Amino acid sequence: MMLLIRNADVYAPEHLGTKDILVAGGKVMAVEDRIDPHPQITRTLDFGGQKLIPGVIDQHMHVIGAGGKHGFASMTPEITASELIGCGTTTVVGLLGTDGSTRSIKSLYAKVMALEQDGISAYMYTGYYGIDPVHILDNVQDEMIFIHKVLGCKIAISDIRSSYPTELELVRLLRQVRTGGMIASKKGILHIHLGALDSKMDILMRLVEEYAFPIEHISPTHVGRTKDLFEAAILFAKKGGMIDITTGASKYTDPWKSVVYALDQGVSIGKMTFSSDGNAGLDRKDENGNVIGFRRAPIDQNLAQAIALHREGGLPLSDAIRPATLNPAINLGLKQKGRIQVGGDADFCLLDDEFRLSSVIAGGVVKMLHSKLTFQDHFAQ
């Protein structure tokens, strides 16, 4: 099937202006001022000047659920493909959280493959909060090599729920991620949950400064949890690291405001990413701070915060969308993602004049058109 997109105002993320885009086999075949129709084109969509940006990449989401800190009933359910498409997410990375017992790494892999069958580009991290990673195979290096969907390993630091890993333990885990990635032609990252303890990112800075470990393989997340932690993250970014700002939970201020502040401190827009921590379990509290129920962390804030970065923060749209598109693709080593280019994956979001999400194309397939989903989840009622 060949799809011709006409009259789209393209942000690749750099602004290309009004273009036609030809799509076939899930890939971008051409981006031109004008593409003439021919018999092999089976569908043509004219978007009348709507803004077309790369599909959103969410590199931190609990796709099989999370939570459980208030007992089994507080555990969140699985994510559906329609929820992802409904907020413009065309690529997602699933992971485990605190719980490596009731949440299985094999179930995570199965969910990643199920989302793939629904047309979402889905990947995963092995591991969880602990230094003793849960595995599908024998070790992290083997999983990096032999499991295509594994892009790295997750661990936690500076959190009372972490296993308090030492520098040596972390650098040995990093070696497995990096070596396995080299063999499998992946970038390989250690995706590191940051809690609110006073140790902040100190141990990560020592890995870079004392062990001389390449900073691009160290991927800290939740850096906007507290103001002090974000100040430490700014120093990490100035050393060349990529810092991940959570949009759905764990934030001391609006994520777009954190980006603007970091830019004012001299951090490049190319060194910041958004991820949702979506579907994590959050408390609902009354006016006295008592827990009265539970809710899921929202998954729709990556694009929302990117738009706020443009409309409220004053950044050009080409820069404002980078934390939700190109930057996570670079962090994950997904060269075919995050940019609208010939040979790249045909993952697009269309925005109307009010910057509302109107249409989504994932892998070259129209999944949402003019605000209406064009598919159903397998177990939809």
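**View 1. Asp159 is buried, at 6% relative accessibility, and Arg161 is its salt-bridge partner.** Here "buried" means under 20% relative accessible area, "exposed" means over 50%, and "partly exposed" is anything in between (1.4 Å probe, protein chains only). By that yardstick Arg161 is partly exposed, with a relative accessible area of 41%. The closest N and O atoms of the two residues are 3.0 Å apart. That counts as a salt bridge because the term asks for a side-chain nitrogen of Lys or Arg within 4 Å of a carboxyl oxygen of Asp or Glu. Before moving on, keep in mind that this is a predicted model, where local features need pLDDT of at least 70, side-chain atom pairs count only at pLDDT 80 or more, and totals for chains, interfaces and linings use all residues. Residues are numbered from 1 along each chain as its sequence is written, and side-chain values use heavy atoms, with hydrogens and water left out.

**View 2. Glu231 and Lys227 pair up inside helix α6.** This helix covers residues 227-238, and the two partners sit four residues apart in it, about one turn of the helix. (Helices are DSSP runs of H or I with at least four residues, strands are runs of E with at least two, and both are numbered from the N terminus.) Their side chains meet in a salt bridge, at 2.6 Å from N to O. Glu231 is partly exposed at 28% relative accessibility, and Lys227 is partly exposed too, at 34%. Elsewhere, salt bridges that share partners tie Lys27, Lys337, Asp345 and Asp347 into one network.

**View 3. Lys27 and Asp345 meet in a salt bridge, at 2.4 Å from N to O.** How many residues apart are these two along the chain? The answer is 318, so this pair links distant parts of the chain. Lys27 belongs to strand β3 (residues 27-32), while Asp345 is in the loop between α10 (326-332) and β16 (348-351). Lys27 is partly exposed, at 30% relative accessibility, whereas Asp345 is buried, with a relative accessible area of 12%. Searching the whole structure turns up 17 salt bridges.

**View 4. Cys87 has no sulfur partner close enough for a bond.** A disulfide is a covalent bond between the sulfur atoms of two cysteines. To count as one here, the two sulfur atoms must lie within 2.5 Å. The closest cysteine sulfur to that of Cys87 is in Cys349, 8.6 Å away, which is too far. Cys87 is buried at 9% relative accessibility, and another cysteine, Cys153, is buried at 0%. Across the whole structure, the search finds zero disulfides.
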